[in-house]
Amino acid sequence: FHGRGEFMEFIPKYRACRRQAREQSGQTDHHEGMSSDEELTPTEVDEFQKSKDNVLEDSRKVFEDVHADFCDIRKILLKFQEWKEKFPDSYCDAYISFCLPKLLNPLIRVQLIMIFLQNLTELEEMPWFRAIEEFSDAENVSESK
């Protein structure tokens with residue numbers, strides 16, 4: 001399509017062809033306004049489930065060989081909090097607030113995969129989200145002092 005106008009002209013033609021194909025096939029369970037493009041065949045559902053299971057399994061293996069203290073965001077942030085309290089000058093000189101996003105990125109990505117593929121919970125309710133929020137609040141309180 002070269003422009004929006006051509007696309008807008010195409011839509012009614014596409015819908016008419018789809019409607020005609022449904023009528024010829026005898027499909028009666030279609031509701032106008034609902035897209036049949038979203039309907040998956042059993043084969044597609046099975047393939048998706050297998051792919052989803054593979055991704056979840058691979059994401060669990062990512063931190064399989066990592067010590068427990070270094071694959072839990074709350075524990076990592078506690079270590080940084082201890083560093084900040086014991087050695088505030090070196091903590092400040094290391095620009096930790098700029099490093100934390102890159103450090104926590106892989107851990108958060110794995111959790112986001114879990115959320116997306118398993119429809120677990122809201123983002124704000126995830127333990128790692130709360131841990132970062134608490135760490136940020138503690139950092140803001142100490143900076144104001």
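1. The structure, a predicted model, holds three aromatic pairs. One of them joins Trp-83 and Tyr-91 edge-to-face, with 5.6 Å from centre to centre and 85° between the planes. The partners differ in exposure class: Trp-83 is partly exposed, with a relative accessible area of 27%, whereas Tyr-91 is buried at 6%. The cut-off for buried is under 20%, so Trp-83 at 27% falls outside that class.

2. Another pair is formed by Tyr-95 and Phe-98. Its geometry is tilted, with 6.0 Å from centre to centre and 40° between the planes. Both partners count as exposed: Tyr-95 has a relative accessible area of 54% and Phe-98 has one of 61%. Exposed means over 50%, so Tyr-95 at 54% qualifies.

3. Which residues form an aromatic cluster with Trp-83? They are Phe-80 and Tyr-91. Phe-80 is also among the residues with the most contacts inside the largest nonpolar core, so Phe-80 has a place both in that core and in the cluster, and the buried limit of under 20% applies to it as a core member.

4. The largest nonpolar core has 15 residues. Besides Phe-80, those with the most contacts inside it are Ile-73, Leu-77, Leu-100, Leu-104 and Phe-135. Two or more residues each come from α3 (73-86), α5 (96-118) and α6 (127-144). The largest share, six residues, is supplied by α5. As a general point, nonpolar side chains in soluble globular proteins tend to be buried together.

5. Leu-77 shows how the core residues meet. Leaving aside neighbours within four places in sequence, Leu-77 is in contact with Leu-100, Leu-104, Ala-131, Ile-132 and Phe-135. Of these partners, Leu-100, Leu-104 and Phe-135 are also listed among the core residues with the most contacts.

6. The chain as a whole has six helices and zero strands. From the N terminus on, the elements run α-α-α-α-α-α. Of contacts between residues at least 6 apart in sequence, 55% join residues at least 24 apart.

7. Of the 145 residues of the chain, 19% count as buried. The chain exposes about 11600 Å², and carbon and sulfur atoms supply 55% of that area.

8. Does the length of α2 agree or disagree with its residue count? Helix α2 covers residues 42-61, which is 20 residues. At 1.5 Å a residue the expected span is 28 Å, and the end C-alpha atoms are 29 Å apart, so the two values agree.

9. Which residues of α2 are buried? They are Lys-52, Leu-56 and Ser-59. These residues cover an arc of only 65° around the axis and therefore lie on the same side of α2. The face turned away from that buried side carries the exposed residues Lys-50 and Asn-54.

10. Val-62 is found in the loop between α2 and α3. With 46% relative accessibility, Val-62 counts as partly exposed; exposed would need over 50%. The C-alpha atoms of Val-62 and Pro-106 are separated by 9.3 Å, although the two residues are 44 apart along the chain.

Notes
Residues are numbered from 1 along each chain as its sequence is written. This is a predicted model: local features need pLDDT of at least 70, side-chain atom pairs count only at pLDDT 80 or more; totals for chains, interfaces and linings use all residues. Side-chain values use heavy atoms; hydrogens and water are left out. Helices (H or I, at least four residues) and strands (E, at least two) are DSSP runs, numbered from the N terminus. Buried means under 20% relative accessible area, exposed over 50%, partly exposed in between (1.4 Å probe, protein chains only). Contact means heavy atoms within 4.5 Å. Accessible areas come from the Shrake-Rupley method with a 1.4 Å probe; for residues, only the protein chains shown count as cover. Rings of Phe, Tyr and Trp (its six-membered ring) pair if their centres lie within 6.5 Å; planes under 30 degrees apart count as stacked, over 60 as edge-to-face and the rest as tilted. The expected span of a helix is 1.5 Å times one less than its number of residues. The arc is that of the directions from the helix axis to the C-beta atoms. A nonpolar core is a set of buried Ala, Val, Leu, Ile, Met, Phe, Trp, Tyr and Cys residues joined through side-chain atoms within 4.5 Å.
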